[in-house]
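Good morning, everyone, and thank you for making time for this. I would like to walk you through one model, going slowly enough that the terms stay clear along the way.

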Amino acid sequence: MKNATIIGVLLAALCCIAAPGIAQETAKTFTFGLLMVGPANDHGWSQAHFEAAKEIEKEVAHTKMLYIDKVNPADRPGITIPMLVDDLISKGAKLIIGNSDDMKDGMREAALMHPDIYFLHISGDDALHDKTGNNLSNLMGRMEYGKMMAGFAAAMTSKTGKIAYLGPLINAETRRLTASAFLGARYAWTHVLKKPAADLHFKVNWIGFWFNIPGVTSDPTLVTKQLLDSGYDVVISGIDTTEALVVAGQRRKAGKAVWAIPYDFKDACNEAPDACLGVPYFNWLPGYKQFITAARDGKWKKQFVWLGPDWKDINNPETSSIGFVEGRALGKSQRAALATFQQGLANGSINLFTGPLNFQDGSVFLKKGETATDEQIWNLPKLLEGMEGAGK
Amino acid sequence: MKSNSIYFRAGSATLQSIPILVLAAASVSLFLFALDFSPFAIIRAMAAGSLTSWLKFSQLLSIWVPLLLCSCGLLFTFKAGLWNIGIEGQVVMGAIAATTILRLNPTSLPPVFTIIVAMLAACVGGSLWGLLVGILKNRGGVNEIFGGLGLNFVAQGIILYLIFGPWKRAGIASMSGTDIFARDLWLPMPVGWRVAPAALVTAVCAFALTWLLLSHTRFGLRVKAVGLNPEVSRLFHINPDRYGLFAIMVGGALAGLAGGLQVTGVYHRLIPAISSGYGYLGLLVVMLANYKSLPVPLITLFFAWLAAGSIQLPIMLQIDSSLSGVIQGACVLSALLVHGLRKQRKG
């Protein structure tokens with residue numbers, strides 16, 4: 001049994017080396033685990049989560065983060081959400097944050113396996129539907145406002161009246177966000193610039209996932225190039241990464257009048273500042289703080305939380321879950337118009353989800369004067385009339 | 001101890017692999033020192049993450065199962081002298097075939113029956129996809145490497161089409177994957193386990209069968225004869241084309257089964273990356289084993305450990321987990337080098 005002996009010795013040796021490596025945490029420290037779908041430095045969705053979690057470690061006493069990024073089957077073949085959750089729990093995590101829509105099934109499964117551990121799934125709504133126990137909650141930001149501002153800035157700037165939206169995959173979340181960008185653009189076009197609605201073109205191109213997976217999704221760089229080549233002069237990004245802005249920046253250097261609006265992360269414009277009209281971004285700090293403090297203090301409640309901007313200062317890192325940073329490429333008069341628009345959103349005088357609004361197929365979404373409920377916006381089933389592109 | 005006993009051969013295979021491991025370990029360590037990482041810290045983190053409890057070890061086994069099945073499939077084709085690059089496509093087609101059955105989910109039948117039929121379908125799916133490679137080779141004169149590679153792309157195209165088209169979730173169009181299957185169609189898993197016992201038993205049986213067929217039957221002998229010298233085998237009335245087809249169909253069936261188990265035992269849905277690259281990894285395993293059966297379970301266990309343990313690198317040491325790919329590559333290159341040098345010395 002030579003081989004069995006050798007393997008036995010090897011395994012035993014490995015275990016001996018391993019044993020002292022197991023972390024010994026003080027009883028006081030509250031450890032939370034963060035699963036990020038993309039790289040922690042993606043200048044987009046995942047980085048926004050990562051930076052908020054690092055801030056939590058600084059601001060909330062006795063907290064410690066464990067994290068793992070690139071959690072998706074393309075980057076980590078064979079590794080599943082429940083496997084990673086097991087591992088984080090074995091290292092002391094008491095709360096697991098999963099930052100992607102793509103983790104919905106895995107988070108649900110893991111939450112059922114570990115009823116004594118808290119789970120926070122970003123962007124889902126399981127907590128509304130009794131699909132899991134009391135240990136799973138949901139958090140999302142009201143990015144509708146940010147996207148409205150993005151659409152507004154795009155339409156105010158566009159020379160051709162052709163605005164493109166680089167979409168990830170199609171679901172209720174992405175439908176409501178593209179629709180919001182469209183509504184913002186249409187408002188700027190018809191109410192501020194006083195141009196006919198028919199002259200505004202708003203096209204959505206979906207790549208198939210939250211970021212580029214070579215051979216699986218469409219390549220966002222190529223899609224952006226094609227859009228710019230066919231006369232769209234502003235590309236609004238809805239994906240986790242910054243390809244749209246990078247391509248627009250290259251074109252801009254070549255002397256073309258094109259712009260882009262990235263997404264998710266407050267410093268995303270830095271990738272190509274001269275082509276950036278601004279960025280609507282998530283600030284996860286207030287939401288994270290609420291849930292992590294509650295879990296640490298034993299005051300956890302299963303809930304669905306949808307946090308909006310702090311209208312007093314939408315860029316206040318402590319209070320505003322949604323913000324908008326204006327880009328260097330946004331003109332002076334456009335900035336002034338955007339400020340007025342933001343005031344209107346803040347005081348409620350502008351509500352873009354107000355009828356008459358039809359769906360893309362002509363059916364009625366909101367009758368004249370009717371405003372959409374949160375539930376209608378959250379579960380938007382189709383794109384809106386006036387938008388081009390697939391809606392489901 | 002008889003010189004041809006299984007223990008002796010397994011032992012000598014293990015001994016033979018020592019220079020390979022030493023060479024691989026030395027080159028990887030040098031590489032790590034150059035990057036200012038401690039190899040010991042890395043081994044410790046990887047071992048702690050996968051060997052310190054049954055839960056963690058069973059996670060490792062959940063990777064071992066499909067990798068072992070793919071490697072077994074490749075043993076057949078390598079013995080027949082075929083480079084079955086198309087194995088990835090065979091895994092994918094197995095997964096698609098299994099998903100087709102699981103999606104039908106006839107409620108009148110017991111779930112166990114549905115799962116068994118799905119696994120059989122997975123074998124058939126993988127096997128037929130392998131048969132295509134064989135027919136392209138025998139009838140069309142297309143080398144199995146190019147035919148296999150081409151069919152991998154076709155299989156990937158089909159799976160993407162199904163996930164983004166006919167099998168998409170209601171109201172959603174995403175490359176994320178299909179809807180999750182009903183819970184009774186998941187391979188049962190005891191509490192505290194992360195690998196389905198049925199999958200484990202299947203993989204062990206598949207290996208035992210592979211070893212028996214290849215080492216102790218006339219069929220195995222003929223496959224090997226075809227691989228060693230197709231022209232001479234003709235003199236013994238062995239049709240190399242036919243035995244090549246047999247080998248690739250058996251190999252495809254095992255690969256397809258791996259795909260089926262991934263669907264029902266691991267992901268519980270069909271995803272674009274369902275093969276997880278286990279087919280290609282299997283090629284490395286069998287090369288590292290010097291195309292012999294007996295070392296395969298241990299090498300697959302080692303590779304599964306690298307894959308499962310690699311996740312510790314970003315968590316514990318903030319090192320990119322693709323390092324485990326570097327270690328795998330170094331092992332295989334060392335193996336090829338050592339085998340090459342041995343052959344040269346003999347020759």
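Let me begin with a convention that we shall need in a moment: angles under 35 degrees count as roughly parallel, those over 145 as roughly antiparallel, those from 65 to 115 as roughly perpendicular, and the rest as oblique. Please also keep in mind that what you see is a predicted model.

Now look at chain B, where helix α3, residues 54–79, packs against helix α12, residues 296–309, at an angle of about 135°, the axes being 8 Å apart. Are these two helices parallel or oblique to each other? By the convention I have just given, α3(B) and α12(B) are oblique, and their crossing is right-handed. On the side of α3(B), the residues making the contact include B:Trp64, B:Leu67 and B:Leu68, while those of α12(B) include B:Leu301, B:Phe303 and B:Trp305. Sorted by class, this contact of α3(B) with α12(B) has 14 nonpolar residues, 3 polar ones and no charged residues.

Let us turn to chain A, which has 12 helices and 15 strands. Its C-alpha trace spans about 80 × 45 × 40 Å along the principal axes. A compact globule with 392 residues would have a radius of gyration near 21 Å, and the 23 Å of chain A agrees with that.

Within chain A, 5 strands form an open sheet with parallel pairing, and their order is β9-β8-β6-β7-β15. The edge strands, which each pair on one side only, are β9, residues 259–261, and β15, residues 387–388, of chain A. If you follow the sheet to β15(A), you will find that 2 bridges join it to the parallel strand β7(A), residues 201–206, and that A:Phe202 stands opposite A:Met387 in β15(A). Helix α6 of chain A, residues 143–157, packs on this sheet, where it touches β6, β8 and β9 of chain A, and its direction makes about 170° with that of β8(A).

Finally, how do the two chains meet? In the model, 41 residues of chain A are in contact with 38 residues of chain B. On the side of chain A that touches chain B, the elements giving two or more residues are α1, β2 and α3 of chain A, and the largest share, 9 residues, comes from α1(A). By class, that side of chain A has 26 nonpolar, 8 polar and 7 charged residues.

Thank you for listening.

Conventions:
Residues are numbered from 1 along each chain as its sequence is written. Chains are lettered from A and ligands numbered from 1 in the order in which they are written. This is a predicted model: local features need pLDDT of at least 70, side-chain atom pairs count only at pLDDT 80 or more; totals for chains, interfaces and linings use all residues. Two residues are in contact if their C-beta atoms, placed from the backbone, lie within 7 Å. Helices (H or I, at least four residues) and strands (E, at least two) are DSSP runs, numbered from the N terminus. Ala, Val, Leu, Ile, Met, Phe, Trp, Tyr, Cys and Pro count as nonpolar, Asp, Glu, Lys and Arg as charged, and the others, Gly among them, as polar. Two strands pair if DSSP finds at least two bridges between them. Axes are lines fitted to C-alpha atoms, for helices over the stretch in contact, and angles run from 0 to 180 degrees between N-to-C directions. A crossing is left-handed if the near helix is turned anticlockwise from the far one by less than a right angle, and right-handed if clockwise. The radius of gyration is taken over C-alpha atoms; the globule rule is 2.2 Å times the number of residues to the power 0.38.
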